[in-house]
Amino acid sequence: MRIAWVTDPHLNHCSLPVWERLVAEIVASGCDRVLITGDISEGEDVVFQLLRFADVVSRPIDFVLGNHDFYHSSIDGTRTAVAQAASGHPWLCYLRDESVISFNASVSIVGEDGWGDATEGDYDRSRVLLNDFRLIDDFYSSDPQRWRRMLRELGADAAVRLAAKLRAAALQSNSVLVATHVPPFREACWYDGHTTDDNWAPFFVCGQVGTQLRVVASEFPETDFQVVCGHTHHGGFAKLAPNLSVTTGPATYAAPSVTEIIDVDDGIKFEDH
């Protein structure tokens, strides 16, 4: 089985020719499934974009959501709408709503959206002010003094949910593919060939998910955990433990492409597509 992995496609920024080129690339790859690690579109049309994409690609699409997918909407409202759309479509699988999906006897996949959770870096001194705070209803309608707590709660929710899935997957698979949007470690948060600093880390690393990945990887040393994520639009690879690694995918606004082809016949292998 071969998976076409795409991260941060921002389909709402794509012209029709660019959108058609992405679909053609996926079809030409001969992949069996597609995996999208967030920032598919924005809240007002993410369901439309997913349905349109699935109808044309015509193969299973596993996905998580990124922060842009909640713009001009609320977090719960978007997740509910996306989950309802996925449950009614034969090709769409919102990984946040799934436990473990087994590809074969050796490999399974789990996923969570993740969030920059203000547990890494220096939130209090950071000069970063993301569009999230003015374009996502939950933040825009809340006192800025609550934002840090809200970020940590979102990260904690993702971490708790993912930890249960990781353990369940490890009990039945030798290799686990983990899909999330936000890099779970500073070592995997890349920009121009360098990893993040204290200014950006609070919003570009989901530290609580990273903590759970380390814990579960240590509990199951014979299981290979490979994480794929995006969010930074810059690529890189990080090895956190002998059985735990993270591949962060690059992306270009208005010009999405297949990030990698992942072979999961016997273990998890990345092809140079």
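Me: What makes strand E2 largely enclosed by the rest of the structure?
Reply: Five of the five residues of E2, residues 33-37, are buried, so the strand is largely enclosed. Keep in mind that this is a predicted model.

Me: Which residues of E2 point one way, and which the other way?
Reply: Arg33, Leu35 and Thr37 point one way. Val34 and Ile36 point the other way. Both groups are buried. Here is the general pattern: side chains in a regular strand alternate between the two faces of the sheet.

Me: How do you know that E1 and E2 pair?
Reply: Pairing takes at least two bridges. Strand E1 (residues 2-6) and E2 have four bridges, in the parallel sense. Therefore they count as paired. One position to look for is Ile3, which stands opposite Arg33 in E2.

Me: What makes E2 and E3 a pair?
Reply: The cut-off is again at least two bridges. E2 and strand E3 (residues 61-64) share four bridges, in the parallel sense, so they pass. Leu35 has Asp62 in E3 as its bridge partner.

Me: Which elements make β-α-β units with E2?
Reply: E1, helix H1 (residues 16-28) and E2 make one right-handed unit. E2, helix H2 (residues 46-57) and E3 make another right-handed unit.

Me: In what order do the strands of the sheet with E2 stand?
Reply: The order is E4-E3-E2-E1-E13-E14. This open sheet has six strands and mixed pairing. From one strand to the next, the twist averages 25°.

Me: Why are E4 and E14 said to stand at the edges?
Reply: Strand E4 (92-94) and strand E14 (269-271) each have a single partner strand, so one side of each is left without a neighbour in the sheet. Helix H3 (residues 75-87) lies across E3 and E4 and runs at about 145° to E4.

Me: Which other strands form an open sheet, and in what order?
Reply: Six strands do, in the order E5-E6-E7-E10-E12-E11, with mixed pairing. Strand E5 (101-102) and strand E11 (236-241) are at the edges because each has a single partner strand.

Me: How do you know that E10 and E12 pair?
Reply: At least two bridges are needed. Strand E10 (residues 224-229) and strand E12 (residues 244-248) have five, in the parallel sense, so they qualify. Phe225 stands opposite Leu244 in E12. Helix H6 packs on this sheet, touching strand E6 (107-111), strand E7 (175-179) and E10. The direction of H6 makes about 175° with that of E6.

Me: How many aromatic pairs does the structure hold?
Reply: There are 10 aromatic pairs.

Me: Why is the pair of Phe133 and Phe139 called edge-to-face?
Reply: Two cut-offs decide. Ring centres must lie within 6.5 Å, and planes over 60 degrees apart count as edge-to-face. Phe133 and Phe139 are 5.2 Å apart centre to centre, with 90° between the planes, so the name fits.

Me: What is the pair of Phe133 and Trp147 called, stacked or edge-to-face, and why?
Reply: Planes under 30 degrees apart count as stacked. Here the planes are 5° apart and the centres 4.3 Å apart, so this pair is stacked. The pair links distant parts of the chain: Phe133 in helix H4 (residues 132-135) and Trp147 in H6 (residues 147-170) are 14 residues apart.

Me: How do you know whether Phe133 and Trp147 are buried or exposed?
Reply: Buried means under 20%. Phe133 has 5% relative accessibility, so it counts as buried. Trp147 has 12%, so it counts as buried too. Both belong to one aromatic cluster, which includes Phe70 and Phe203.

Me: What makes the charged end of Arg52 sit over the ring of Trp19?
Reply: One condition is a distance within 6 Å of the ring centre. The charged end of Arg52 is 4.1 Å from the centre of the Trp19 ring, so that condition is met.

Me: Why is Glu98 called partly exposed?
Reply: Buried is under 20%, exposed is over 50%, and partly exposed is in between. Glu98 has 33% relative accessibility, so it is partly exposed. Glu98 lies in the loop between E4 and E5. Leaving aside residues up to four places away in sequence, Glu98 touches Cys93 and Lys165.

How values were computed:
Residues numbered from 1 in each chain as written. Predicted model: local features only at pLDDT ≥ 70, side-chain atom pairs only at ≥ 80, totals over all residues. Heavy atoms only, no water. Buried < 20%, exposed > 50% of the residue type's maximum accessible area, 1.4 Å probe, protein only. Helix = DSSP H or I, 4+ residues; strand = E, 2+ residues; numbered from the N terminus. Right-handed = clockwise from strand over helix to strand, strands pointing away. Phe/Tyr/Trp six-rings, centres within 6.5 Å; stacked < 30°, edge-to-face > 60°. Lys NZ or Arg CZ within 6 Å of the ring centre and 35° of its normal. Contact = heavy atoms within 4.5 Å. Axes fitted to C-alpha atoms, helices over the stretch in contact; angles between N-to-C directions.
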